[in-house]
Amino acid sequence: MTAQRRRALVTGITGQDGGHLAQLLGEKDYEVFGLVRGQNNPRKAAVEAEFPDVTLIEGDLADPTSLVRAIEISNPDEVYNLAAVSHVGFSFTNPTLTLDVTGKGVLNLLEAVRLSGRAEHTRFYQASTSEMFGGLDYNRPGAGYDEDSLFHPRSPYGVAKLYGHWIAKNYRESYGMFVSCGILFNHEGERRGREFVTRKITDAVARIHLGLQSHIELGDLWPKRDWGYAGDFTRGMWQMLQHDTPEDFVLATGQTQSIEDFLTLAFAEIGIDDWRPLVRQNPAFLRPAEVDILLGNPAKAESVLGWKREVSFEQMVKLMVEHDIALNSPAA
Ligand code: NAP
Ligand code: G4F
């Protein structure tokens, strides 16, 4: 008798982490279903081309009925809730949408699992975030934020994510559901959207190198982030749902670098040491409140899950610049 293939529903399949996870779950022979929103989502075709075995289901985190339908069609053993309004700057100009999708959307999806009678069977991953900590002086532990650190979100995005985090924990405690929250620090890579600072920089560096762009416009350069590689982090998500018990885990590198540090490494890849003449500040990219510094402590994930990151910060910057040079080259 052949074992049944495990079934996973991934929301946010068109995003960075959705791509890495679709790849990982495919390698593990899962039957993968992906939620795609919108009547003509421009990113749908790319997912269909890269992952022809993934079944796409129309649905929106803000539409509870569509989520019940998605759960019924996919009948999942594992749900990975990666969908969100995920851009911090955008959340300041679209705070209500952010609350509806990034906050209330989590409730909608948990309820869809519960009301479909699958609460006992389905394992649920919630994409929580280091943005919930806020990086303020009084709230900054020396060894880095861990699962017990205080929350003080500094954006509509962070506040909405905190609601999602607590409602996910509440469903675990109230209904005994297997719900695990991964509190993930920034993770980047070749699939990262160009609206985020790392990819914006590597794309610009590639284009400057190829003579397609003269300079790059950014906001503040001093904030620091704990930046890891997305492929390592999505593996950690999967590991959380294979663990015996539902728990929350921080995934981070334990190191923090400023945007200036990132610029230095990225420009060094094209032989430029003094990048300052090529970078201009544009106030449009400043935020009403900033998270100064994020540093995470992944000790629990390392000891309990055996999670380990494989790609260093330096390797990741190099990989991203090389990828963007190839992508922007005329022959590509
Ligand atoms: P991303 O690339 O911005 O992807 C977000 C995904 O959410 C996209 O697939 C988007 O689909 C989808 N989405 C947006 N609104 C939706 C809605 N109303 N209904 C259904 N889907 C919707 O984000 P990511 O970097 O992969 O991050 C994945 C998750 O982890 C997010 O929840 C993010 O907040 C969280 N997180 C990310 C990081 C990080 O550093 N990357 C760190 C901590 C936590 P469309 O194609 O329709 O836009
Ligand atoms: O790349 P960012 O937009 O990422 P941010 O705000 O740290 O959020 C990301 O990581 C979170 C985890 O901590 C996730 F939850 C979230 O979904 C997202 O993936 O900005 C990083 C830093 C900020 O300090 C920002 O102010 O870069 C600064 N920055 C400076 N110039 C810029 C720019 N950010 C963007 N996006 N664009 C700029 O031009």
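**Exercise 1.** In this predicted model, find the volume of the second largest pocket and state which elements give two or more residues to its lining.

*Solution.* Start with the size: the volume of the second largest pocket is about 200 Å³. Next, turn to the elements. Those that give two or more residues to the lining are α1 and α2 (44-50). Of these, α2 holds the largest share, three residues. Finally, look at individual residues: the lining includes Q16, G19, A46, V47 and E50, and also R43, F51 and R191.

**Exercise 2.** Sort the lining of the second largest pocket into nonpolar, polar and charged residues.

*Solution.* Gly counts as polar in this scheme. The lining then divides into four nonpolar, four polar and three charged residues.

**Exercise 3.** Which residues come nearest to ligand 1, and which polar contacts can be listed for R37, N41 and L61?

*Solution.* Step one: 25 residues surround ligand 1, and T14, R37, S86, Y157 and K161 come nearest. Step two: apply the cut-off for a polar contact, a pair of N or O atoms within 3.5 Å. A polar side-chain atom of R37 is 2.5 Å from an oxygen atom of ligand 1. For N41, a side-chain N or O atom lies 2.9 Å from an oxygen atom of the ligand. L61 uses a backbone N or O atom, 3.0 Å from a nitrogen atom of ligand 1. Step three: of the 890 Å² of accessible area that ligand 1 has on its own, the protein covers 92%.

**Exercise 4.** Which element gives the most residues to the shell around ligand 1?

*Solution.* The candidates with at least two residues each are α1 (16-27), β5 (123-129) and α6 (156-175). Among them, β5 gives the most, with three residues. By type, the shell has nine nonpolar, ten polar and six charged residues.

Technical notes:
Residues are numbered from 1 along each chain as its sequence is written. Chains are lettered from A and ligands numbered from 1 in the order in which they are written. This is a predicted model: local features need pLDDT of at least 70, side-chain atom pairs count only at pLDDT 80 or more; totals for chains, interfaces and linings use all residues. Side-chain values use heavy atoms; hydrogens and water are left out. A residue is near a molecule or strand if one of its heavy atoms lies within 4 Å of it. A polar contact is a pair of N or O atoms within 3.5 Å; within protein, one must be able to donate a hydrogen and the other to accept it, and residues adjacent in sequence count only if both atoms are side-chain atoms. Accessible areas come from the Shrake-Rupley method with a 1.4 Å probe; for residues, only the protein chains shown count as cover. Helices (H or I, at least four residues) and strands (E, at least two) are DSSP runs, numbered from the N terminus. On a 1 Å grid over the protein atoms alone, a cavity is a set of points where a 1.4 Å probe fits but cannot get out, and a pocket is an open set with protein on both sides within 12 Å along at least five of seven lines; lining residues have an atom within 4 Å of a point. Grid points are joined across faces, edges and corners, and a volume is the space filled by probe spheres set on the points.
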